[in-house]
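Biologist: I'd like to learn how to read a structure like this. Can you walk me through it?

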Amino acid sequence: MAALSEASGVSVRYGGVAALTDVDFAVSAGETVAIIGESGCGKSTLGRTLLLLQPPTSGTVRFRGEDLTALPARALRQRRRFMQMMFQDPYASLNARMTIGETLAEPLVVHGLATWRTARPRVAQMLARVGLDPGVTSRYPHEFSGGQRQRIAIARAVIAGPDLVVADEPLSALDITVQGQILDLLAALQAAQNLTYVFISHDLPVVRHIAGRVAVMLGGRMVEQGPPAEVFATPAHPYTQALLAAVPIPDPALARARMATAAALPAATPAPPNACPFVPRCPAARPICTESMPPLRDIAAHRRAACWLNEVPA
Amino acid sequence: MTETLLDIANLHVRFGATTAVAGACLHVSKGEAVGLVGESGSGKSATILAALRLHPPNARISATHLTLGGHDVLTLPQPALRRLRGRFAAMIFQDPLTALNPLLTIGTQIAEVLTRHRALSPADARRQAAALLTQVGITDPARRLAQYPHEFSGGMRQRAMIAAALAGDPALLIADEPTTALDVTVQAELVRLIAGLQRQRGMGLLWVTHDLALMAGIVDRVVVMYAGRVMESGPVAALYANPRHPYTIALLESLPRLDQGRGRVLAGGPPDLTRPTSGCVFAPRCSARMPRCMQAPPMFAAGDSHVACWLAAPAGAEVAA
Amino acid sequence: MAPYPPTRIDLRQRLLPPAWPQPGRPAHLLGTDNVGRDMLSRIIWGARISLAVGLSAALLGAVAGSVLGLCAGFFGGAVDAAISWLINVQLAFPFTLFAIFLLAVFGGGFLPVVGVLALATWVNFARIVRSQTLSLRAQDFVTAAHAVGVGAPRILRRYIFPAVLPSIVVVASFSAAQAILTEAALSFLGVGVDPTIPSWGAMLNLGRNYLQTAWWMATFPGIAIALTVLGANLMGDWLGTRLDPRAR
C-alpha cells in the first residue's frame, strides 16, 4: 500500500544541533502510528516535519505521493486542508482573542469551503460532534475547561476533512478521566472520517492500546518500530526496555518490589559523534556501539530495530 | 502514638464564590508517606497551600484544626511561621525553573537555606551544600554548586531543588507534583530518590499528585480528593486492591495499563464549585447512585479506610465528620 | 472657549501670578506671562497645536513602525535584516537633527513638523513590535494557524497584531508626549508649526527663563503636558484591557 505520508532520509538541524538525523518514516492511510521517546528525542520535530511546519535540512517529505518540499508556499498551504495538527496545550494553541466560532470556521474559510456566514451550521454540527454545546460559538477559549479546550482544538483540526492528523501529546495536559474521554472522541472521529493519526506521546500504556504501530526515537534517530504488543513484550532495543521499565505500575506491592530491585539508569550524557546515542546509559554496550551507529534493519516480520545486539552475536 | 507533623481537620477554603475545599481532613505522622491524589479542581493544591499559609490573600480559610508541628498555622505570627517553613516543613514544586532564582548559583541558593535555618558559617554551608548535592545523586558537586539553574537539565534541577529543600533538615517534605514535567525515565529515578531520602531521614512525606500509578510504590497511605472533599483515605495496599468509593474505583479503572486494557472511561466532569451542593458531589457521575445520595454522606470507617459514601454505611460505624 | 485671544499683549499686566495667591486677579486665572498674555487662554489655544501635532506624529510613527516591526519579526531573513539595519541606522545617526536642519532651512508648517516627529518615534514602535512578533511567531497558537493553512496576511492581522496592540498603545502614549516636547524644541528654534499660535512646548520653553521669578509660566504648560500624557496612558491601559477577552 502506498504511504499517505512519508519522510525519507530526513535530517533537521537547528544551528549546529541535529534534531533529526537521517530518519525514514512512513504512515499508511487509516493507520494509527505512535512515536514515543524522551523529550528532545526528535518525536515532535518529526511530527512537524511530516506537515512541513518544520522544513527538513535534507531529505524529502511526501504527502499522498507528492514531494512537499518542492511545492511553492501557496500550493503547500492548500494541501494543509488534508493534513492537520493537534497540540499538547489547547490553551496555548488556540488564539485567545478569537471566538470559538471564528476559530472553527477559519479552516473552512481559508480553504474556500465556506464563507464566514455559510460556515455557521457546519461549525455548530462539529461542536456537537466533539461533545460541546453548539451555542458556544461567541465565547472565548479562556471560558472553557482544559478538556473542553482540547475538544475545540480537535474540532478545528478535523473540520475541514483532513486525511492525516499529527497529534503532539494531545493528552498530557489533561486529567486522567478526561484523557479517557478524549481518546474515545479521537477513536470516534477516526472511524467516522477515516483519519490517519500520527500520535506523539510519552505515555506507553496509552500507546499500547491505541496504536497499530509504534516508532521509538532516541537522539534524533529512529531506533525501533513494530506493533506495540510485540515491541512492548519483547523490546529489541535496550532503550525501549529502559522506557518500559520506567512506566509506573499502579500496584503498591509490584511498584515497591521493582523499586528495590531495578538498577538505576545512569544520567543521560552526550554520546560520541558516531556512536549510538544510548551508549552512555546502555547496560549492554559493546565497543562497536561507540564506533558506529547501528542501522535500522528488519529483525522480524513488521519489526525493525537499530541495535548492534541484534546484528552481531556476542 | 507517633508524632503528628501535619494535622488538618474540617478545612474550608473559599475564593469569592468558589468553594475550593469543603471540609478536608488530612494528617501526616513522623516517618509516614501520605499521597494526596486528585484531578484539577479537586482542592489538593489549595489544601497544601493553606497548610503552610501560602494561600493567596483573597482566600478565606477556616478549619476546626490546622496545625503544623503542633503550632496553629492560622494564628501563628509571621516570623514564627517563616521559621516553620523550610526548617520544619519544606516544599518542592512541579517546576524547579520557577522555584529557583535564575540569577543565583545553585550553591548560593542551598547555602542560603543552611545559613538562615542552621546558622552555619559560609565555609561550613558550602561543604554541607556539596554533601547535599551528593545525597541527591548529583555527581561532581563542587563544579555543580558554581553553576546556575539554566545550566542544569530538568531532572538535575529537580534534584537541586530537593537538595535545597533538605538543607533545612525538615521533618516534613511536601512534594507538589514534583515529577510531572519530566520524562518517565527521569521520573522513575526521582521517585526512587525521594522515597530513599524519606526513609533514611525518617521524614514525613506529603506527595501531592494526580498520578495514581506513580505514587503506588512510595506512599503508606492515600487520601483521595474530589471537588474539594475527601472521598476516601486509607492504607495504600487496601486502597489499590480494594477501593471502596466509586470515585476511587473509577479513577483506578481509568488508568491505562501496559498489561491490561485501555481503561474505562468515566463520563462527565467535576461539579461547578461556585454552586453549593447538598448531596454527594460525585453522585451526578456515579454508577452506583442511590436516592440517599441526595444527602451528603459523612465519613464512614471501613476497615482501616475512611470512605465518604453511603455504600460504606452499613459496614462501619460513623466517625466524627 | 478662551477668555482672551492668546496673542493679545498687555504690558501693564505682565507677569501676573495666578488668581489665588495675592496679588493675583480673578481676570487672569492662571496669571500672565512676560508680555502680559493670559496663561489660561494660551494653554487652551496651545492644546490645539500640541495635541494635533503630538497625536498625529505618534499615530504616523505607530503605523509606520508597527508595520515595519511586524514584517521584520514575522518574515525574518532578508526582510528582518533590512529593517533592523534601518532601525540601527536611525538610532546611530541623528536623523532627527538632520531633519530639523532641513526644516530650519526650508521652513516649517504642520505636515513637515509631524513628518519629522514621526521620524523620531517610529523606531520605538518598530523595535518593540519586532521583538514581540519574534516571540509570538514561535508560539503554539501561531504554529496552529500555519498548520490550519492560514495565510501570512491573516495571521499577522488576526493572530499577531491583536497580541502586540496593547504594547503599541502604551508606546504611542509616551511617543505622543515625546512629540509634544520635541515640537517645543522646534518652536524654540523657530521652525515650529506656526510661530503666531502658542504650543505647550513653546510656552514651557519660554517659562524656563522665568523659573525663579514667575513659576507659573513653566508650571501650567508642564501640568497640561503631564495630564495629557497621563490621559493617553490611562486610555492605553483601558484599550489594552478592552482588547483582551480574558481581562473583560
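Modeller: Let's begin with a term. A polar contact is a pair of N or O atoms within 3.5 Å; within protein, one must be able to donate a hydrogen and the other to accept it, and residues adjacent in sequence count only if both atoms are side-chain atoms. This is a predicted model, where local features need pLDDT of at least 70, side-chain atom pairs count only at pLDDT 80 or more, and totals for chains, interfaces and linings use all residues. Residues are numbered from 1 along each chain as its sequence is written, chains are lettered from A and ligands numbered from 1 in the order in which they are written, and side-chain values use heavy atoms, leaving out hydrogens and water.

Biologist: How many residue pairs are in polar contact between chain C and chain A?

Modeller: There are 9 such pairs, with both residues at pLDDT 80 or more. Helices (DSSP runs of H or I, at least four residues) and strands (runs of E, at least two) are numbered from the N terminus. On the side of chain C that touches chain A, α5(C) gives the most, with 7 residues.

Biologist: Which side chains meet in a salt bridge there?

Modeller: A salt bridge puts a side-chain nitrogen of Lys or Arg within 4 Å of a carboxyl oxygen of Asp or Glu. The rule finds 4 across this interface; one of them joins R158(C) and E102(A) at 2.7 Å, N to O.

Biologist: What area is buried between chain C and chain A?

Modeller: The size of an interface is often given as the accessible area lost when the parts come together. Buried area is that loss (1.4 Å probe), summed over both parts. Here the value is about 2100 Å², and carbon and sulfur atoms give 54% of it. D140(C), V148(C) and R246(C) supply 28% of the area that chain C buries against chain A, more than any other three residues.

Biologist: Now a strand: which way do the residues of β3(A) point?

Modeller: In a regular strand the side chains alternate between the two faces of the sheet. In β3(A), T32(A), A34(A) and I36(A) point one way, and V33(A) and I35(A) the other way.

Biologist: Why is β3(A) largely enclosed?

Modeller: Buried means under 20% relative accessible area, exposed over 50%, partly exposed in between (1.4 Å probe, protein chains only). In β3(A), residues 32–36, 5 of the 5 residues are buried, so the strand is largely enclosed by the rest of the structure.

Biologist: Which strand pairs with β3(A) over 5 bridges?

Modeller: Strands pair if DSSP finds at least two bridges between them. The partner is β8(A), residues 196–201, in the parallel sense, with A34(A) opposite F199(A). β9(A) also runs parallel to β3(A), joined by 4 bridges.

Terms used. Buried area is the accessible area (1.4 Å probe) that two parts lose on being put together, summed over both.
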